[in-house]
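User: Could you take one part of this model and give me a close look at it? I'd like to start at a single side chain and work outward to its surroundings.

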Amino acid sequence: MKVIEAKGFGIENLAMVERPEPKPGPREVLVRIRACSLNYRELLILRGHYNPKQRFPLVPLSDGAGEVAEVGDGVTRVKRGDRVAAIFMQRWISGAVTEEAARSTLGGDIDGVAAEYVVLHEDGLVHVPAHLSFEEAATLPCAAVTAWNALLESGRTQFGDTVLVMGSGGVSLFALQFAKLAGARVIATSSSDAKLERLKQLGASEGINYRSVPEWGERVAGRVDHVVEVGGAGTLAQSLRAVRRGGRVSLIGVLTGYGETNPVLILMKSISVQGIYVGSRAMFETMNHAVAANQLRPIVDRVFPLEQMREALQYMESGAHFGKIVIRV
Amino acid sequence: MKAIRVHQFGGPEVLRLEDVPEPKAGPGQVLVRVRAIGVNPVETYVRSGGYALKPALPYTPGTDAAGIVEATGERVYTHGTISGAYAELALCDEKQVHPLPPQVSFAQGSALGIPYATAFRALFQKARVIPGETVLVHGASGGVGIAAVQLARAAGLTVIGTAGTELGRKLVVEQGAHRVLDHRAPNYLDGVSVDVIIEMLANANLAKDLTVLAPRGRVVVIGSRGPVEINPRDAMGRDAAILGMVLFNATGPELAEAHAAIVAGLQSGVVRPVVREELPLAEAPRAHQMVMEPGAYGKIVLVP
């Protein structure tokens, strides 16, 4: 079978190799992966920003969907032919995150899903909504669960709230879709007027170009209940201005990098800043229920074949995408 | 000015149209020229004298009006008044009035105060619904029911409504319900499983409600006309919760949150009150009879 292997840091160290098809042991499941999706995390891992002591070779990617090809002894949660996706942290089932769960991330702590076949523990899988293609279902495990956790588990976005989302990456688009689903109003920021237009078509009621309005936090000051912060140090100061007193900032990404932030506004405005690192299987399942009940469709930007993994990652690095970048396996 | 006055508790006939002095707005208050008054079941309970809340006699009933602020000309709706809503002028605390967008009629505006705030509080502050859950709205063709269907649908829920008439069921579907049931039919809840129930007539339905809840389900009791026997094991086995509420218990911040959301819903078009009939203020006794009759079909409104 075909597998993508990272032999060391750097996109240039990715290669497609042949490996024998794995066999599922007791309570394990062999999944024929049909599609994977990319997250910015992939670039951070390959640059050594996630874990400088990353072990290699590594099979990259956390997000994959496919069908159950074979089940090992004692498997009860899935059966052959089921359409499934892998959960991001293989050992975060429900409740609060634990040390053990945080060390079970696919494509980081353990081998990921950029392969034709993977073997996973049955507890590390969820069924995917029936109306989604494998390409669409593969977008869910990291970005969608992160947005769901931020808005509807750790934060309780409800009808009438205002949510601010940044840009047009995977988490931000899911956040927009979930916020709208819950009956909230959405303000979106982007550096591109064309992308702002598309964000409005998806339901954002207000768009702000952060290039022409660098002080966008002032523009919306006090009107935002919840900011889904994907920028990190470069945008947090504006997010803290934007959010209302007693509001919430979900810190889920560091696209603009690391650095210093003045924390005074956090206390003066009684802001809850919550770190969100994806979510549990229980959150994934609750989210899938909402996605299915509302026939919600993820936004897929572009689909690459497995052999173009490097091109796909470079495309993500360029920032030209609107929605998820998918790898067909 | 003309106003309805109640000098003694009793039947609808105690609602009398009289001339009373015009109220004057003090600091922090606004005087609203009333164009429409929403009639709610609770006003009939208060009028009869058999309710926990007993105003000092004589009094002018009502909390929900829509009209124009005398001082500024602003279109507003109210969720409460100081002087009573069944009148040509209503004196309000400034926190009791909210902006009414131009596309919403005064009659619709008078249907917001109690029905929409009750539905909002039940769904979001009590049941704490999340998208993807299923909600059953009993009596979905009445004022609170219509509000609950519209808000639940806009919050990503799967919505099942009940109504006792064909016309009512058609209305419930038009408001966005995925499914509608006839609560006059025998065994109409067979095969139903829901996460949340908005219960307007707990004395009739609560025992059965507990048997159609999914695990971790919630029943929000917002209306009851008598006692009821339930089997607590139906709740235990499901980790279910029975949540009672009356809107009167909502705190200031809870009400402010509800009305901020309702105003946002008016602007986005999600909140669309349905008016069944507009009657002259003098016909308040008839309005009180109609609001308690079965077969609800939208809001009954009085026009001064």
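Analyst: Gladly! A polar contact here is a pair of N or O atoms within 3.5 Å; within protein, one must be able to donate a hydrogen and the other to accept it, and residues adjacent in sequence count only if both atoms are side-chain atoms. This is a predicted model, so local features need pLDDT of at least 70 and side-chain atom pairs pLDDT 80 or more, while totals for chains, interfaces and linings use all residues. Residues are numbered from 1 along each chain as its sequence is written, chains are lettered from A and ligands numbered from 1 in the order written, and side-chain values use heavy atoms, without hydrogens and water.

Let's begin with A:Q54. A polar atom of the A:Q54 side chain lies 2.9 Å from the backbone oxygen of A:G108. As for its setting, A:Q54 sits in the loop between α1 and β4 (63-71) of chain A, where helices (H or I, at least four residues) and strands (E, at least two) are DSSP runs numbered from the N terminus. A:Q54 counts as buried because its relative accessibility is 9%; buried means under 20% relative accessible area, exposed over 50% and partly exposed in between, with a 1.4 Å probe and protein chains only. A:G108 appears again among the residues that A:Q54 touches, together with A:F9 and A:I45, once residues up to four places away in sequence are set aside. Contact means heavy atoms within 4.5 Å.

The loop between α1 and β4 of chain A holds some backbone features worth your attention. A:P57 is placed in this loop, and the peptide bond leading from A:F56 to A:P57 is cis, with omega near -5°. Chain B offers a case to set beside it: the bond from B:L57 to B:P58 is cis, with omega near -10°, and B:P58 lies in the loop between α1 (41-48) and β4 (65-69) of chain B.

Back in chain A, A:L61 is found in the loop between α1 and β4. Although A:L61 is not a glycine, its phi is positive, about 80°. Its relative accessibility is 1%, so A:L61 counts as buried. A:R27 is another non-glycine with a positive phi, here about 65°. A:R27 belongs to the loop between β2 (14-18) and β3 (28-37) of chain A, and its relative accessible area of 33% is why it is classed as partly exposed.

A:L61 leads us to the helix. A:E42, which lies in helix α1 of chain A, touches A:L61 along with A:S37, A:S62, A:L313 and A:M316, leaving out residues up to four places away in sequence. A:E42 has 3% relative accessibility and therefore counts as buried. From A:E42 to A:G275 the separation is 233 residues in sequence and 19 Å in space, C-alpha to C-alpha.

Helix α1 also takes us to the second largest pocket. A pocket is an open set of points on a 1 Å grid over the protein atoms alone, where a 1.4 Å probe fits and protein lies on both sides within 12 Å along at least five of seven lines; lining residues have an atom within 4 Å of a point. This pocket has a volume of about 1,100 Å³, the space filled by probe spheres set on the points. Its lining has 45 residues, with A:Y40, A:G169, A:V230, A:G253 and A:L255 nearest the centre. Elements of chain A giving two or more residues to this lining include α1 (40-47), α4 (140-153), α5 (170-181) and β15 (324-328). By type, the lining has 21 nonpolar, 19 polar and 5 charged residues; Ala, Val, Leu, Ile, Met, Phe, Trp, Tyr, Cys and Pro count as nonpolar, Asp, Glu, Lys and Arg as charged, and the others, Gly among them, as polar.

Finally, the wider frame. Chain A divides into domain 1 (2-142 + 279-328) and domain 2 (155-275), with bounds from an automatic or database domain assignment. Each of these domains supplies at least three residues to the lining of the second largest pocket. The C-alpha centres of domain 1 and domain 2 of chain A are 27 Å apart, and 19 residues of domain 1 are in contact with 15 residues of domain 2.
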